[in-house]
Amino acid sequence: MNYREDTKYIHGGTKDNSHHGSLSTPIFQTSTFSFETAIEGERRFSGEEKGYIYSRLSNPTVNVLEERIAAVEGGERGLAFASGMAAISAVLTSLTKTGDQILCANGIYGCTYGLLELLEEKYGITHDFCDMSSVEKLRSMIKPQTACIFIESPINPTMKVIDIAMVSKVAREYQIPVIVDNTFLSPYLQQPLSLGSDIVVHSATKYLSGHGDVIGGLVVGKKSFIEKLVLRVQKDMGGIMSPFDAWLLIRGMKTLPIRMKRHSSSAEKIVEKLKQHSMVKEVLYPNDLTHPDRTIAQRQMSMGGGIISFRLTGGKEDVMSMMDSLNLVKIAVSLGDAETLIQYPATMTHAVIPESKRIKMGIDDSLLRLSVGLEEWEDIWLDLEQSLNRLTKI
Ligand SMILES: *Cc1c(COP(=O)(O)O)cnc(C)c1O
(Lines give C-alpha, C1' and ligand atoms only; values in the text may rest on other atoms or scores of the structure.)
Protein backbone atom coordinates (compact mmCIF):
# COMPACT_ATOMS: atom_id res chain seq x y z
CA MET A 1 0.00 0.00 0.00
CA ASN A 2 1.20 3.45 -0.83
CA TYR A 3 0.14 5.28 2.30
CA ARG A 4 0.46 8.98 2.98
CA GLU A 5 3.60 10.17 4.74
CA ASP A 6 2.56 10.13 8.42
CA THR A 7 0.69 6.81 8.07
CA LYS A 8 3.85 5.05 6.89
CA TYR A 9 5.39 5.49 10.34
CA ILE A 10 2.60 3.31 11.76
CA HIS A 11 1.89 0.85 8.94
CA GLY A 12 4.76 1.13 6.44
CA GLY A 13 6.66 -1.95 5.33
CA THR A 14 4.83 -4.68 7.20
CA LYS A 15 3.18 -7.36 5.14
CA ASP A 16 2.26 -10.17 7.51
CA ASN A 17 1.03 -9.52 11.01
CA SER A 18 -0.95 -12.66 11.63
CA HIS A 19 0.36 -13.49 15.10
CA HIS A 20 -3.01 -14.09 16.80
CA GLY A 21 -4.00 -10.60 15.69
CA SER A 22 -1.58 -8.98 18.11
CA LEU A 23 -1.78 -5.24 17.41
CA SER A 24 1.64 -4.59 18.88
CA THR A 25 4.51 -6.31 17.05
CA PRO A 26 5.43 -9.45 19.04
CA ILE A 27 8.94 -9.59 20.50
CA PHE A 28 10.60 -12.73 19.17
CA GLN A 29 13.01 -13.10 22.05
CA THR A 30 14.79 -16.12 20.65
CA SER A 31 18.37 -16.82 19.68
CA THR A 32 17.63 -19.60 17.23
CA PHE A 33 14.81 -21.17 15.17
CA SER A 34 14.21 -24.91 14.96
CA PHE A 35 13.68 -26.72 11.67
CA GLU A 36 10.97 -29.36 11.15
CA THR A 37 13.40 -31.63 9.33
CA ALA A 38 17.08 -31.84 8.50
CA ILE A 39 16.34 -31.10 4.87
CA GLU A 40 14.49 -27.94 5.85
CA GLY A 41 17.62 -26.80 7.71
CA GLU A 42 19.70 -27.53 4.63
CA ARG A 43 17.33 -25.53 2.41
CA ARG A 44 17.30 -22.54 4.76
CA PHE A 45 21.08 -22.42 4.78
CA SER A 46 21.36 -22.76 1.01
CA GLY A 47 18.75 -20.05 0.52
CA GLU A 48 16.40 -22.34 -1.41
CA GLU A 49 13.78 -21.83 1.27
CA LYS A 50 12.98 -18.55 3.01
CA GLY A 51 12.83 -18.60 6.79
CA TYR A 52 14.70 -17.80 9.94
CA ILE A 53 17.84 -19.61 11.08
CA TYR A 54 19.53 -17.72 13.91
CA SER A 55 18.89 -14.23 15.29
CA ARG A 56 22.32 -12.86 14.38
CA LEU A 57 21.34 -13.42 10.75
CA SER A 58 17.75 -12.25 10.96
CA ASN A 59 14.89 -11.92 13.46
CA PRO A 60 11.16 -11.30 12.80
CA THR A 61 10.81 -8.33 15.22
CA VAL A 62 13.96 -6.68 13.91
CA ASN A 63 12.72 -7.27 10.35
CA VAL A 64 9.55 -5.29 10.98
CA LEU A 65 11.70 -2.33 12.00
CA GLU A 66 13.98 -2.79 8.98
CA GLU A 67 11.04 -2.79 6.60
CA ARG A 68 9.55 0.26 8.28
CA ILE A 69 12.68 2.39 8.11
CA ALA A 70 13.05 1.46 4.43
CA ALA A 71 9.43 2.51 3.81
CA VAL A 72 9.79 5.90 5.49
CA GLU A 73 13.20 6.70 3.97
CA GLY A 74 11.97 5.67 0.54
CA GLY A 75 14.69 3.01 0.13
CA GLU A 76 14.69 -0.62 -0.96
CA ARG A 77 15.99 -2.27 2.19
CA GLY A 78 16.84 -1.43 5.79
CA LEU A 79 19.22 -3.04 8.25
CA ALA A 80 19.36 -2.63 12.02
CA PHE A 81 22.51 -2.46 14.17
CA ALA A 82 23.37 -2.36 17.85
CA SER A 83 24.16 1.37 17.68
CA GLY A 84 24.61 4.23 15.26
CA MET A 85 28.36 3.65 15.38
CA ALA A 86 27.91 -0.08 14.62
CA ALA A 87 25.89 0.96 11.56
CA ILE A 88 28.44 3.55 10.40
CA SER A 89 31.43 1.27 10.98
CA ALA A 90 29.74 -1.58 9.08
CA VAL A 91 28.93 0.66 6.10
CA LEU A 92 32.46 2.10 5.94
CA THR A 93 34.05 -1.33 6.33
CA SER A 94 31.86 -2.70 3.60
CA LEU A 95 32.77 0.04 1.09
CA THR A 96 36.52 0.36 1.64
CA LYS A 97 39.80 -1.57 1.51
CA THR A 98 43.41 -0.70 2.33
CA GLY A 99 44.63 2.19 0.19
CA ASP A 100 41.19 3.72 -0.29
CA GLN A 101 40.21 7.22 0.76
CA ILE A 102 36.99 8.29 2.51
CA LEU A 103 36.01 11.85 1.69
CA CYS A 104 34.10 13.65 4.46
CA ALA A 105 32.47 16.96 4.93
CA ASN A 106 34.16 19.37 7.34
CA GLY A 107 32.64 18.44 10.65
CA ILE A 108 31.24 15.04 11.50
CA TYR A 109 30.08 13.29 14.66
CA GLY A 110 32.97 12.90 17.16
CA CYS A 111 32.97 9.09 17.21
CA THR A 112 32.77 8.89 13.42
CA TYR A 113 35.92 11.01 13.45
CA GLY A 114 37.49 8.54 15.90
CA LEU A 115 36.50 5.63 13.66
CA LEU A 116 38.17 7.27 10.64
CA GLU A 117 41.40 7.64 12.64
CA LEU A 118 41.22 3.98 13.62
CA LEU A 119 40.66 2.85 10.03
CA GLU A 120 43.67 4.89 8.93
CA GLU A 121 45.99 3.74 11.71
CA LYS A 122 45.16 0.07 11.52
CA TYR A 123 44.10 -0.58 7.95
CA GLY A 124 45.59 2.23 5.84
CA ILE A 125 42.20 3.57 4.78
CA THR A 126 42.78 7.31 4.61
CA HIS A 127 40.31 10.15 4.97
CA ASP A 128 40.19 13.76 3.91
CA PHE A 129 37.93 16.58 4.94
CA CYS A 130 36.43 18.81 2.33
CA ASP A 131 34.49 22.05 2.40
CA MET A 132 31.63 20.90 0.20
CA SER A 133 30.25 24.37 -0.36
CA SER A 134 30.83 24.29 -4.14
CA VAL A 135 31.12 21.83 -7.01
CA GLU A 136 34.72 22.98 -7.64
CA LYS A 137 35.81 22.42 -4.04
CA LEU A 138 34.29 18.95 -4.05
CA ARG A 139 35.83 17.97 -7.39
CA SER A 140 39.27 19.16 -6.28
CA MET A 141 39.24 16.63 -3.42
CA ILE A 142 38.10 13.55 -5.32
CA LYS A 143 40.96 11.14 -6.09
CA PRO A 144 41.09 7.86 -8.01
CA GLN A 145 41.18 6.07 -4.65
CA THR A 146 38.06 7.83 -3.24
CA ALA A 147 35.82 4.93 -2.22
CA CYS A 148 32.92 6.84 -0.72
CA ILE A 149 31.73 10.25 0.40
CA PHE A 150 30.38 10.61 3.93
CA ILE A 151 28.32 13.61 4.99
CA GLU A 152 26.04 14.85 7.73
CA SER A 153 23.64 17.68 7.21
CA PRO A 154 23.09 19.82 9.20
CA ILE A 155 26.59 19.37 10.57
CA ASN A 156 26.83 18.68 14.29
CA PRO A 157 27.12 21.08 16.12
CA THR A 158 27.83 24.02 13.80
CA MET A 159 24.56 23.53 11.89
CA LYS A 160 26.14 24.19 8.48
CA VAL A 161 24.04 22.70 5.73
CA ILE A 162 25.47 20.65 2.86
CA ASP A 163 23.75 20.56 -0.50
CA ILE A 164 23.02 16.83 -0.65
CA ALA A 165 21.68 16.93 -4.22
CA MET A 166 24.81 18.75 -5.45
CA VAL A 167 27.22 16.36 -3.70
CA SER A 168 25.26 13.34 -4.96
CA LYS A 169 25.24 14.60 -8.55
CA VAL A 170 28.99 15.17 -8.63
CA ALA A 171 29.67 11.82 -6.91
CA ARG A 172 27.52 10.02 -9.47
CA GLU A 173 29.77 11.23 -12.29
CA TYR A 174 32.65 9.42 -10.59
CA GLN A 175 30.42 6.50 -9.50
CA ILE A 176 31.30 7.12 -5.87
CA PRO A 177 28.58 6.17 -3.35
CA VAL A 178 27.35 8.94 -1.03
CA ILE A 179 26.47 8.09 2.56
CA VAL A 180 24.34 10.55 4.54
CA ASP A 181 24.09 10.44 8.34
CA ASN A 182 20.47 11.61 8.68
CA THR A 183 20.31 11.41 12.48
CA PHE A 184 19.80 15.14 13.11
CA LEU A 185 16.64 15.49 11.06
CA SER A 186 15.14 11.99 10.79
CA PRO A 187 13.44 10.81 7.60
CA TYR A 188 10.48 12.99 8.46
CA LEU A 189 12.35 16.22 7.75
CA GLN A 190 14.91 15.12 5.16
CA GLN A 191 15.09 12.24 2.68
CA PRO A 192 18.63 11.93 1.32
CA LEU A 193 17.80 9.05 -1.06
CA SER A 194 15.30 11.20 -2.91
CA LEU A 195 18.04 13.86 -3.19
CA GLY A 196 20.26 11.36 -5.01
CA SER A 197 22.41 9.86 -2.27
CA ASP A 198 22.96 6.09 -2.08
CA ILE A 199 22.97 5.14 1.58
CA VAL A 200 21.36 6.63 4.69
CA VAL A 201 22.60 5.89 8.19
CA HIS A 202 20.92 6.75 11.48
CA SER A 203 21.68 6.76 15.10
CA ALA A 204 18.19 5.47 15.91
CA THR A 205 19.04 6.34 19.52
CA LYS A 206 17.98 9.92 18.82
CA TYR A 207 14.75 11.06 17.12
CA LEU A 208 13.65 7.66 15.80
CA SER A 209 13.48 6.35 19.35
CA GLY A 210 12.52 9.72 20.78
CA HIS A 211 12.36 8.56 24.37
CA GLY A 212 15.99 8.22 25.40
CA ASP A 213 15.65 4.54 26.26
CA VAL A 214 17.45 2.65 23.51
CA ILE A 215 20.76 2.66 21.61
CA GLY A 216 20.43 1.56 18.01
CA GLY A 217 21.52 2.15 14.44
CA LEU A 218 19.83 1.81 11.06
CA VAL A 219 21.01 1.74 7.46
CA VAL A 220 18.88 2.10 4.33
CA GLY A 221 20.01 1.52 0.77
CA LYS A 222 19.66 -0.58 -2.35
CA LYS A 223 18.77 -4.26 -1.91
CA SER A 224 22.08 -5.37 -3.43
CA PHE A 225 24.09 -3.20 -1.03
CA ILE A 226 22.16 -4.25 2.08
CA GLU A 227 22.43 -7.94 1.18
CA LYS A 228 26.19 -7.56 0.90
CA LEU A 229 26.24 -5.63 4.18
CA VAL A 230 24.43 -8.46 5.98
CA LEU A 231 26.41 -11.32 4.54
CA ARG A 232 29.89 -9.81 4.32
CA VAL A 233 29.92 -7.57 7.40
CA GLN A 234 27.08 -7.81 9.91
CA LYS A 235 26.85 -11.61 10.00
CA ASP A 236 30.54 -11.96 10.83
CA MET A 237 31.20 -8.78 12.81
CA GLY A 238 27.97 -9.29 14.71
CA GLY A 239 26.80 -5.78 15.64
CA ILE A 240 23.12 -6.69 15.56
CA MET A 241 20.13 -5.08 17.27
CA SER A 242 18.24 -7.03 19.94
CA PRO A 243 14.54 -7.85 19.38
CA PHE A 244 13.53 -5.78 22.40
CA ASP A 245 15.38 -2.69 21.17
CA ALA A 246 13.73 -3.16 17.77
CA TRP A 247 10.35 -3.27 19.49
CA LEU A 248 11.09 -0.02 21.36
CA LEU A 249 12.03 1.63 18.07
CA ILE A 250 8.92 0.37 16.26
CA ARG A 251 6.90 1.92 19.07
CA GLY A 252 8.88 5.16 19.10
CA MET A 253 8.66 5.66 15.35
CA LYS A 254 4.86 5.63 15.33
CA THR A 255 4.88 9.11 16.85
CA LEU A 256 7.84 10.51 14.92
CA PRO A 257 5.77 12.80 12.64
CA ILE A 258 3.93 14.51 15.49
CA ARG A 259 7.09 14.74 17.56
CA MET A 260 9.15 16.31 14.75
CA LYS A 261 6.48 18.95 14.14
CA ARG A 262 6.52 19.90 17.81
CA HIS A 263 10.34 19.85 18.13
CA SER A 264 10.59 22.13 15.08
CA SER A 265 7.90 24.63 16.02
CA SER A 266 9.23 24.97 19.59
CA ALA A 267 12.80 25.37 18.30
CA GLU A 268 11.72 28.20 15.99
CA LYS A 269 10.18 30.09 18.92
CA ILE A 270 13.23 29.56 21.13
CA VAL A 271 15.55 30.73 18.32
CA GLU A 272 13.69 34.06 18.23
CA LYS A 273 13.99 34.47 21.99
CA LEU A 274 17.67 33.53 22.10
CA LYS A 275 18.47 36.02 19.34
CA GLN A 276 17.07 38.82 21.47
CA HIS A 277 19.07 38.01 24.60
CA SER A 278 22.08 40.23 25.34
CA MET A 279 24.28 37.33 26.51
CA VAL A 280 23.81 35.43 23.24
CA LYS A 281 26.26 36.34 20.49
CA GLU A 282 25.00 34.11 17.70
CA VAL A 283 22.27 31.56 17.06
CA LEU A 284 22.79 28.78 14.53
CA TYR A 285 19.58 27.27 13.17
CA PRO A 286 19.19 26.17 9.53
CA ASN A 287 15.76 27.65 8.96
CA ASP A 288 16.61 31.03 10.46
CA LEU A 289 16.54 33.99 8.09
CA THR A 290 20.13 34.89 8.96
CA HIS A 291 21.54 31.38 8.40
CA PRO A 292 24.05 31.46 5.50
CA ASP A 293 22.81 28.13 4.08
CA ARG A 294 19.12 28.90 4.43
CA THR A 295 18.29 28.48 0.73
CA ILE A 296 19.80 24.98 0.65
CA ALA A 297 18.06 24.15 3.92
CA GLN A 298 14.71 25.21 2.52
CA ARG A 299 15.25 23.11 -0.57
CA GLN A 300 16.11 19.87 1.19
CA MET A 301 14.54 20.07 4.65
CA SER A 302 10.81 20.24 5.28
CA MET A 303 11.25 21.90 8.72
CA GLY A 304 14.15 23.26 10.75
CA GLY A 305 14.36 20.42 13.27
CA GLY A 306 14.86 20.46 17.02
CA ILE A 307 18.55 21.27 17.36
CA ILE A 308 19.78 24.80 18.03
CA SER A 309 23.41 25.76 18.53
CA PHE A 310 24.27 29.14 20.01
CA ARG A 311 27.28 31.11 21.12
CA LEU A 312 27.42 33.12 24.31
CA THR A 313 29.20 36.47 24.45
CA GLY A 314 31.53 34.95 27.09
CA GLY A 315 33.77 31.87 27.10
CA LYS A 316 34.07 28.63 29.02
CA GLU A 317 33.43 30.11 32.47
CA ASP A 318 30.15 31.70 31.42
CA VAL A 319 29.06 28.57 29.56
CA MET A 320 29.70 26.34 32.59
CA SER A 321 27.94 28.64 35.01
CA MET A 322 24.94 29.05 32.71
CA MET A 323 24.60 25.27 32.37
CA ASP A 324 24.85 24.79 36.12
CA SER A 325 21.93 27.13 36.79
CA LEU A 326 19.51 25.29 34.51
CA ASN A 327 16.68 23.32 36.10
CA LEU A 328 14.26 21.89 33.55
CA VAL A 329 16.89 21.66 30.82
CA LYS A 330 19.15 18.67 31.51
CA ILE A 331 22.89 18.63 30.89
CA ALA A 332 23.36 15.57 28.70
CA VAL A 333 24.69 14.50 25.34
CA SER A 334 22.36 12.72 22.93
CA LEU A 335 19.42 14.51 21.34
CA GLY A 336 15.91 13.99 20.06
CA ASP A 337 14.35 13.05 23.38
CA ALA A 338 11.18 14.28 25.06
CA GLU A 339 13.40 16.10 27.57
CA THR A 340 15.28 19.22 26.52
CA LEU A 341 19.02 18.52 26.64
CA ILE A 342 21.99 20.85 26.52
CA GLN A 343 25.63 19.95 25.98
CA TYR A 344 28.96 21.71 25.61
CA PRO A 345 30.70 20.36 22.47
CA ALA A 346 34.17 21.72 23.37
CA THR A 347 34.44 19.55 26.50
CA MET A 348 31.91 16.83 25.72
CA THR A 349 31.01 15.48 22.25
CA HIS A 350 33.96 17.06 20.45
CA ALA A 351 36.57 16.98 23.23
CA VAL A 352 38.58 14.28 21.41
CA ILE A 353 39.37 16.65 18.54
CA PRO A 354 42.63 18.61 19.05
CA GLU A 355 41.84 22.19 20.10
CA SER A 356 43.20 24.01 17.04
CA LYS A 357 41.37 21.64 14.69
CA ARG A 358 38.20 21.95 16.73
CA ILE A 359 38.25 25.75 16.63
CA LYS A 360 38.89 25.68 12.88
CA MET A 361 35.76 23.54 12.59
CA GLY A 362 33.81 26.33 14.29
CA ILE A 363 33.50 24.59 17.64
CA ASP A 364 34.89 27.26 19.93
CA ASP A 365 34.58 27.65 23.70
CA SER A 366 31.45 29.78 23.51
CA LEU A 367 29.33 27.23 21.61
CA LEU A 368 26.44 25.29 23.15
CA ARG A 369 24.11 22.75 21.58
CA LEU A 370 20.49 22.52 22.64
CA SER A 371 18.14 19.66 21.77
CA VAL A 372 14.68 21.13 22.15
CA GLY A 373 12.38 18.61 23.82
CA LEU A 374 8.63 18.13 23.83
CA GLU A 375 7.89 20.26 26.90
CA GLU A 376 5.88 23.46 26.36
CA TRP A 377 8.28 25.85 24.70
CA GLU A 378 7.58 28.65 27.21
CA ASP A 379 8.83 26.44 30.05
CA ILE A 380 12.00 25.64 28.13
CA TRP A 381 12.57 29.31 27.36
CA LEU A 382 11.92 30.49 30.93
CA ASP A 383 14.59 28.11 32.19
CA LEU A 384 17.11 29.22 29.55
CA GLU A 385 16.27 32.86 30.18
CA GLN A 386 16.78 32.73 33.95
CA SER A 387 20.14 31.02 33.49
CA LEU A 388 21.24 33.58 30.89
CA ASN A 389 20.01 36.44 33.08
CA ARG A 390 22.25 35.29 35.90
CA LEU A 391 25.27 35.89 33.66
CA THR A 392 24.37 39.53 33.23
CA LYS A 393 24.58 39.93 37.01
CA ILE A 394 28.08 38.49 37.44
C1 LIG B 1 24.64 9.89 18.22
C2 LIG B 1 25.12 10.02 16.82
C3 LIG B 1 25.83 8.97 16.21
C4 LIG B 1 26.22 7.69 16.95
O5 LIG B 1 25.12 6.93 17.29
P6 LIG B 1 25.06 5.91 18.55
O7 LIG B 1 23.70 5.36 18.46
O8 LIG B 1 25.32 6.71 19.77
O9 LIG B 1 26.13 4.90 18.31
C10 LIG B 1 26.20 9.13 14.89
N11 LIG B 1 25.91 10.26 14.21
C12 LIG B 1 25.25 11.30 14.77
C13 LIG B 1 24.96 12.50 13.96
C14 LIG B 1 24.83 11.21 16.09
O15 LIG B 1 24.18 12.23 16.64
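In this predicted model, Asp 131 is partly exposed, with a relative accessible area of 33%, and its salt-bridge partner is Lys 137, the closest N and O atoms of the two residues being 3.1 Å apart. Lys 137 is likewise partly exposed, its relative accessible area being 39%.

A second salt bridge is formed by Asp 198 and Arg 172, whose closest N and O atoms are separated by 3.3 Å. This pair links distant parts of the chain, since Asp 198 belongs to the loop between α8 (186–189) and β6 (199–203) while Arg 172 belongs to helix α7 (residues 164–173), the two being 26 residues apart. Asp 198 counts as partly exposed, at 26% relative accessibility. Elsewhere, Glu 40, Arg 44 and Glu 49 are joined into one network by salt bridges that share partners.

Across the whole structure, a search finds 19 salt bridges, among them the one in which the side chains of Lys 261 and Asp 6 meet, with an N to O distance of 3.0 Å. Because Lys 261 lies in helix α11 (residues 256–276) and Asp 6 in helix α1 (residues 5–11), this pair ties together parts that are 255 residues apart in sequence. Lys 261 counts as partly exposed at 35% relative accessibility, and Asp 6 also counts as partly exposed, at 29%.

The ligand is surrounded by Ser 83, Gly 84, Met 85, Ile 88, Tyr 109, Glu 152, Asp 181, Thr 183, Ser 203, Thr 205, Lys 206 and Gly 216. By residue type, this shell divides into three nonpolar, six polar and three charged residues, and helix α4 (residues 84–95) gives the most to it, with three residues. Several polar atoms of the protein approach the ligand: a polar backbone atom of Gly 84 is 2.9 Å from a ligand oxygen, an N or O atom in the side chain of Asp 181 is 2.7 Å from a ligand nitrogen, and a polar side-chain atom of Thr 205 lies 2.7 Å from an oxygen atom of the ligand. The ligand taken alone exposes 380 Å², of which the protein buries 93%.

On the surface, Ile 331, Val 333 and Met 348 form a nonpolar patch, which together presents about 230 Å² of accessible area. Within this patch, Val 333 is located in the loop between β10 (330–331) and β11 (341–343), and with a relative accessible area of 42% Val 333 is partly exposed.

Note on methods: Residues are numbered from 1 along each chain as its sequence is written. This is a predicted model: local features need pLDDT of at least 70, side-chain atom pairs count only at pLDDT 80 or more; totals for chains, interfaces and linings use all residues. Side-chain values use heavy atoms; hydrogens and water are left out. Patches are made of residues with over 30% relative accessible area and no salt bridge: like charges are joined within 9 Å, nonpolar side chains (Val, Leu, Ile, Met, Phe, Trp, Tyr) within 5 Å. Accessible areas come from the Shrake-Rupley method with a 1.4 Å probe; for residues, only the protein chains shown count as cover. A salt bridge is a side-chain nitrogen of Lys or Arg within 4 Å of a carboxyl oxygen of Asp or Glu. Helices (H or I, at least four residues) and strands (E, at least two) are DSSP runs, numbered from the N terminus. Buried means under 20% relative accessible area, exposed over 50%, partly exposed in between (1.4 Å probe, protein chains only). A residue is near a molecule or strand if one of its heavy atoms lies within 4 Å of it. A polar contact is a pair of N or O atoms within 3.5 Å; within protein, one must be able to donate a hydrogen and the other to accept it, and residues adjacent in sequence count only if both atoms are side-chain atoms. Ala, Val, Leu, Ile, Met, Phe, Trp, Tyr, Cys and Pro count as nonpolar, Asp, Glu, Lys and Arg as charged, and the others, Gly among them, as polar.
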